[in-house]
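Work through the exercises below with the sequence and the 3D structure at hand. Each task is followed by a stepwise solution.

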Amino acid sequence: MPAGLLGIEELERAEIEAILARAKYFQPVQSQSLKKLDTLRGKMIVNLFYEASTRTRTSFEIAAKRLSADAISITASGSSVSKGESLVDTLNTLAAMRPDAIVMRHAASGAPHFLARHLPTPIINAGDGTHEHPTQALLDARTILDHRGTLEGLRVAIIGDIAHSRVARSNVHLLARFGADIVLCGPASLLPVELAQLAPGVRLTTDIREAIRDADVIMMLRVQLERQHEAAFPASEYFQFYGLRLEHLDLAKPEAIVMHPGPINRGRELSSEVADFQRSVILNQVENGVAVRMAVLEKVIGPGAGSQGPGAGERQ
Ligand code: NCD
């Protein structure tokens with residue numbers, strides 16, 4: 001199976017550290033006037049998105065271009081998928097054009113893992129159903145490190161629609177590997193008890209105040225209505241019980257940061273004041289998305305791909 005990036009669960013801690021170190025190296029490129037490096041010149045990346053995306057798709061495309069790769073993006077509605085072609089046939093067709101990597105997002109959990117076993121091309125998972133979203137967890141870790149300097153021992157509250165969140169799962173795998181103390185919080189109908197077994201030290205609570213108390217990081221999640229086949233919680237009451245408001249922040253550590261993978265729904269999972277709060281790092285997450293995806297693309301198809309590549313062993 002060609003080495004791509006399917007999930008955080010499959011990564012060793014040293015590999016994660018190497019990606020985060022390289023992302024740090026790529027951060028200043030975002031604000032230079034010349035934003036292009038030669039690293040992936042001559043490489044071609046296909047972004048294949050079967051689900052809606054603004055941030056992730058744009059950021060993969062920008063990351064590829066900043067490393068001088070060519071990148072094209074295909075969305076399901078404008079492709080032969082709408083003519084009934086199967087996923088395997090579509091992917092085989094794309095692979096026959098010999099791209100160097102395929103970045104894909106799909107509503108089915110495990111779709112990229114299944115395809116990776118059948119294709120010669122490395123696959124990078126940009127979100128598979130409710131399963132994993134590895135580059136989101138990596139950019140979240142980069143953002144936490146930038147603000148708090150470490151992941152070890154940090155108390156991280158992840159709040160919202162945990163049941164349907166690939167962002168929560170990837171973050172739990174990553175944060176647990178670095179010794180963070182993780183609390184998952186949401187309405188009981190969106191908080192499956194088996195998630196406590198995802199990693200050692202994960203706790204569950206339905207009480208947002210308990211989750212936030214002494215938190216270093218508060219990570220809010222969108223309510224994924226598109227994945228809920230029946231209403232799991234009355235929409236009109238969600239904000240009252242699980243929406244993050246300024247007064248909640250008094251319970252957290254004074255230097256606590258507020259995160260959200262986006263897209264945010266003001267007035268549903270967080271108030272507008274919280275979204276614009278000075279310790280909200282939501283746009284820093286977006287900015288880090290480019291640097292992290294540059295690091296991931298370099299690891300997967302750059303010089304020395306397959307090994308830990310340059311940056312391995314560097315500090316976070
Ligand atoms: C997330 C996703 O698609 O899983 N968004 C993202 O990639 N930034 C979270 C979400 O859609 O709520």
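Two strands pair if DSSP finds at least two bridges between them; strands (E, at least two residues) and helices (H or I, at least four) are DSSP runs numbered from the N terminus. The model is predicted: local features need pLDDT of at least 70, side-chain atom pairs count only at pLDDT 80 or more, and totals for chains, interfaces and linings use all residues. Residues are numbered from 1 along each chain as its sequence is written, and side-chain values use heavy atoms, without hydrogens and water.

**Exercise 1.** Determine how strand 5 and strand 6 pair, then place them in their sheet.

Step 1. Strand 5 (residues 155-159) runs parallel to strand 6 (residues 181-185), with five bridges between them.
Step 2. One bridge joins V156 to I182 of strand 6.
Step 3. The open sheet has five strands in parallel pairing, ordered 7-6-5-8-9.
Step 4. Strand 7 (202-205) and strand 9 (257-259) are its edges, each pairing on one side only.

**Exercise 2.** Explain why the largest nonpolar core lies between domain 1 and domain 2.

Step 1. A nonpolar core is a set of buried (under 20% relative accessible area, 1.4 Å probe, protein chains only) Ala, Val, Leu, Ile, Met, Phe, Trp, Tyr and Cys residues joined through side-chain atoms within 4.5 Å.
Step 2. The largest such core has 61 residues; I45, L138, I158, L174 and L184 touch the most other members.
Step 3. Helix 10 (residues 282-301) gives the largest share, nine residues.
Step 4. The core lies between the domains because domain 1 (13-132 + 285-301) and domain 2 (134-282) both give residues to it; the domain bounds come from an automatic or database assignment.

**Exercise 3.** List contacts (heavy atoms within 4.5 Å) of I45, leaving aside neighbours within four places in sequence.

Solution. Among them are L40, A64, I72, V103, L297 and I301.

Methods:
Buried means under 20% relative accessible area, exposed over 50%, partly exposed in between (1.4 Å probe, protein chains only).
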